[in-house]
Amino acid sequence: MTTAPISTRPVNPTGTVTLVGAGPGDAGLLTLRGLRAIEKADVIVADRLGARSVLAQLEAEGAQIAAEVIDVGKLPGHHRVPQDAINELLVELAQAGREVVRLKGGDPFVFGRGREEQLFCEAAGVRVEVVPGVTSAVSVPAVAGIPLTHRSVAASFSVVSAHDQIEPGGSVSASGSDHTLVLLMGVSTLGHSAHVLAAGARGTDCPVAIVEDGYGPGERVTIGTLGTIAQLAAARQVRSPAVVVIGEVVRLSPHAASLAPAAVPVPADAGGAASAASGPASGTTSSAAPGSPSRPVRRRARSRLAAALDAGLAVDTGLIRAIDAHSPSPSSRKAPLS
C-alpha cells in the first residue's frame, strides 16, 4: 500500500473526506458530483470492486486525475487493509490538510460500511460529505433485463447480504416469489440460501438469476430455479462478484427463455378477482378448471442440491441430511394433486 506523508503539525483538520459511490464499475454510472470530487482530490482511498475500474476508465477517457491513489481493496475472505486501519488512514490524511476521496464500489451506504467511516471521521473532528452511488443491487439486475418491480408481478423488493447464511423461519425465507429478493455477496452460501428459500413459500420452482461481473468484461447471466441454481452455478463455476436475483421478475429477462412461462395475474380492476396462478416452473399450484390438466406437484430436486453440495457450494455440512428429512415420501409422488 502506498503511504502518504503525514504532517506533524498539531491536529487541526483543514482537509475533508468525501465518501463517493463509484457505482458497479462503469464510469458512465458515476455521478457528476462524484467526478468533480475525484478531480479535485489530493488523495483517493479506493476499493477493489467498482472503484479501481472506474478510475482506469476515467483516465482512459482523458479525465485529469492528479490525486495519489491508495488501494485498500478487499478480496473475498481477505481484507488487504482492515477496516479499522482504513478509518485511521482517512482521519490522518484529512488532519494533514489533504482533500480525501474515499471511493467505494456501488453506494457507500448499501453494505458499504460508509456510515461507519463517516462516524469515525466526524468523531475525530473531520468534516465528511457523502456522494451517493448507483448500487449494484439495482443496476446489475437491470443490465440483465431484470426489473426488481413490475406491474402485476412484484411490487416490492429486499436487498440482503448473504455473506452470512440466511436463517430458516426468518422474514427473508417467509416471503413469496412476488417479492423480489436480491442477494449480494451470496456466491459462497448459494446452496444453503437456495435450500432455505425453496423450503419456504417460494418453492423449488421459483426463478433465480445470477449476474456475474455486471458491467465488467466477464459479465455473464445464469438462469435457473431454486431447485436447480446451485447445480448450475457449480457446473458453470460461478464466481464473485455476482448479484443473485430471486423471484418472478426473473422471467422478464431476455435470458430466461429456458424457464416455463408463468400465467400473468389478472389485475383486480380488470373485471375479475386477482389471481396468483403461475406456470409449471413457478413452484406453486394453480386452480384448475374442470376438464383442465391436473396441477403439478411441487417436488424437491434432492439430487440437484446434493450434487451442488458435493461440489462445495454450500457451507452447511448438515444440509444433505436436512434435504433427506424434508423430502416428500415416495408415496406422495405417485399421483398429482387434483
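In this predicted model, five strands form an open sheet in the order 3-2-6-1-7, and their pairing is parallel. Strand 3 (68-71) and strand 7 stand at the edges of this sheet, and because each has a single partner strand, one side of each is left without a neighbour in the sheet. From one strand to the next, the twist averages 20 degrees. In general, strands of a sheet pair through backbone hydrogen bonds, and they may do this in a parallel or an antiparallel way. A piece of this pairing can be followed residue by residue: strand 2 and strand 3 pair in the parallel sense over 4 bridges, and Val45 stands opposite Ile70 in strand 3.

Helices pack on this sheet, and their directions can be compared with those of the strands. Helix 2 lies across strand 2, strand 3 and strand 6, running at about 135 degrees to strand 2. Helix 3 (residues 83-95) also packs on the sheet, where it touches strand 1, strand 2, strand 3 and strand 6, and its direction makes about 155 degrees with that of strand 6.

Which residues of helix 2 are buried? They are Ala51, Val54, Leu55 and Leu58, and since, seen down the axis of helix 2, its buried residues fall within an arc of 100 degrees, they line one face of the helix. The reason that such spacing can produce a face is a general one: an α-helix has 3.6 residues a turn, so residues three or four places apart point the same way. The buried residues of helix 2 pack against helix 1, strand 2, strand 3 and strand 6. Just after helix 2, Gly62 takes a positive phi of about 95 degrees.

Helix 1 (residues 32-40) can be read in a similar manner, with Gly34, Leu35, Ala37 and Ile38 buried. Seen down the axis of helix 1, its buried residues fall within an arc of 160 degrees, and therefore they line one face of the helix. What covers these buried residues of helix 1 includes strand 1 (16-21), strand 2 (43-46), helix 2 (51-60), strand 6 (99-104) and strand 7. The face of helix 1 turned away from its buried side carries the exposed residues Leu32, Arg33 and Lys40.

A loop residue beyond strand 7 deserves a look as well. Thr135 has its place in the loop between strand 7 (127-131) and helix 5 (136-143). Is Thr135 buried or exposed? Its relative accessibility is 16%, and because buried means under 20% relative accessible area, Thr135 counts as buried. Leaving aside residues up to four places away in sequence, Thr135 touches Gly106, Asp107 and Val110.

Further along the chain, another open sheet of 5 strands has the order 8-9-12-10-11, and here the pairing is mixed. Strand 8 (156-161) and strand 11 (220-225) stand at its edges, each with a single partner strand, so that one side of each is left without a neighbour in the sheet. Neighbouring strands of this sheet are turned by 20 degrees against each other on average, direction ignored. Strand 8 and strand 9 (residues 179-184) run parallel and are joined by 6 bridges, with Phe157 standing opposite Thr180 in strand 9. Helix 8 (residues 229-236) packs on the sheet and touches strand 10 (207-212) and strand 11, its direction making about 150 degrees with that of strand 11.

Strand 10 and strand 11 run antiparallel, joined by 6 bridges, and the bridge partner of Glu212 in strand 11 is Arg220. Although strand 11 stands at an edge of the sheet, 5 of its 6 residues are buried, so it is largely enclosed by the rest of the structure.

Two cysteines also lie in buried positions: Cys121 has a relative accessible area of 1%, and Cys206 has one of 0%. The count of disulfides comes to 0, where a disulfide would require a pair of cysteine sulfur atoms within 2.5 Å.

Finally, the chain can be viewed as a whole. Its secondary structure comes to 10 helices and 12 strands, and buried residues make up 45% of its 338 residues. Among contacts between residues at least 6 apart in sequence, 70% join residues at least 24 apart. The chain exposes about 16100 Å², of which carbon and sulfur atoms supply 54%.

Notes:
Residues numbered from 1 in each chain as written. Predicted model: local features only at pLDDT ≥ 70, side-chain atom pairs only at ≥ 80, totals over all residues. Heavy atoms only, no water. Buried < 20%, exposed > 50% of the residue type's maximum accessible area, 1.4 Å probe, protein only. Pairing = 2+ DSSP bridges. Helix = DSSP H or I, 4+ residues; strand = E, 2+ residues; numbered from the N terminus. Axes fitted to C-alpha atoms, helices over the stretch in contact; angles between N-to-C directions. Contact = heavy atoms within 4.5 Å. Areas by Shrake-Rupley, 256 points an atom, 1.4 Å probe, with all protein chains shown as cover. Arc of directions from axis to C-beta.
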